[in-house]
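Please find below my comments on the structure under review. They are set out as numbered points for your consideration.

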Amino acid sequence: MQPIVRVSILRCAPDRFDEVRQMMIEDERVLGPGIETMRGFLAFYAGADEATSSLTNVSLWVDLDAAQQLDRYQPMLDAAKRYLAKGVTFERPIMNYTTLWQLQPSSRK
């Protein structure tokens with residue numbers, strides 16, 4: 001299996017970082033239940049890097065069509081509007097990477 005790695009990056013002003021980070025934390029309860037039930041969902045990670053004033057969503061999907069469900073997921077679209085209202089910028093297009101290789105903890109034993 002060659003999963004798709006979907007990467008979405010947003011950037012904000014340094015003085016807005018704590019607020020935007022908190023928004024991302026709170027979004028889990030709204031976004032998580034729907035994402036977990038999507039066809040082909042494998043994993044989802046939300047992360048924050050204060051040094052670059054950026055946050056990211058990285059998710060794993062069984063194929064491109066499955067990954068692109070997020071493009072139409074209304075709670076995600078609604079969340080994006082809230083971030084834009086805070087002055088956040090999103091890197092576009094959202095990147096959907098075909099996996100070239102992967103490691104897992106037991107793969108080198």
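1. Two strands are said to pair if DSSP finds at least two bridges between them. That cut-off is needed for the pairings discussed here, and it should be kept in mind that the model is predicted.

2. Strand 1, which spans residues 4–11, is the element to examine at the outset. Of its 8 residues, 6 are buried, and the strand is thus described as mostly covered.

3. Which strand pairs with strand 1 over 8 bridges? The partner is strand 3, residues 54–61, and the sense of the pairing is antiparallel. Within this pairing, S8 is found opposite N57 of strand 3.

4. Strand 1 also runs antiparallel to strand 5, residues 95–98, with 4 bridges joining the two. Here R6 has N96 of strand 5 as its bridge partner.

5. A further antiparallel pairing links strand 1 with strand 4, residues 89–90, over 2 bridges. That count satisfies the requirement of at least two bridges. R11 stands opposite T89 of strand 4.

6. As general background, side chains in a regular strand alternate between the two faces of the sheet.

7. The segment after strand 5 deserves separate attention, as W101 lies there. Is W101 buried or exposed? The residue is exposed, since its relative accessible area is 65% and the cut-off for that class is over 50%.

8. W101 joins L100 and L103 in making a nonpolar surface patch of about 440 Å². I would ask that this patch be described together with the exposed state of W101.

Key. Residues are numbered from 1 along each chain as its sequence is written. This is a predicted model: local features need pLDDT of at least 70, side-chain atom pairs count only at pLDDT 80 or more; totals for chains, interfaces and linings use all residues. Side-chain values use heavy atoms; hydrogens and water are left out. Buried means under 20% relative accessible area, exposed over 50%, partly exposed in between (1.4 Å probe, protein chains only). Patches are made of residues with over 30% relative accessible area and no salt bridge: like charges are joined within 9 Å, nonpolar side chains (Val, Leu, Ile, Met, Phe, Trp, Tyr) within 5 Å. Accessible areas come from the Shrake-Rupley method with a 1.4 Å probe; for residues, only the protein chains shown count as cover. A salt bridge is a side-chain nitrogen of Lys or Arg within 4 Å of a carboxyl oxygen of Asp or Glu.
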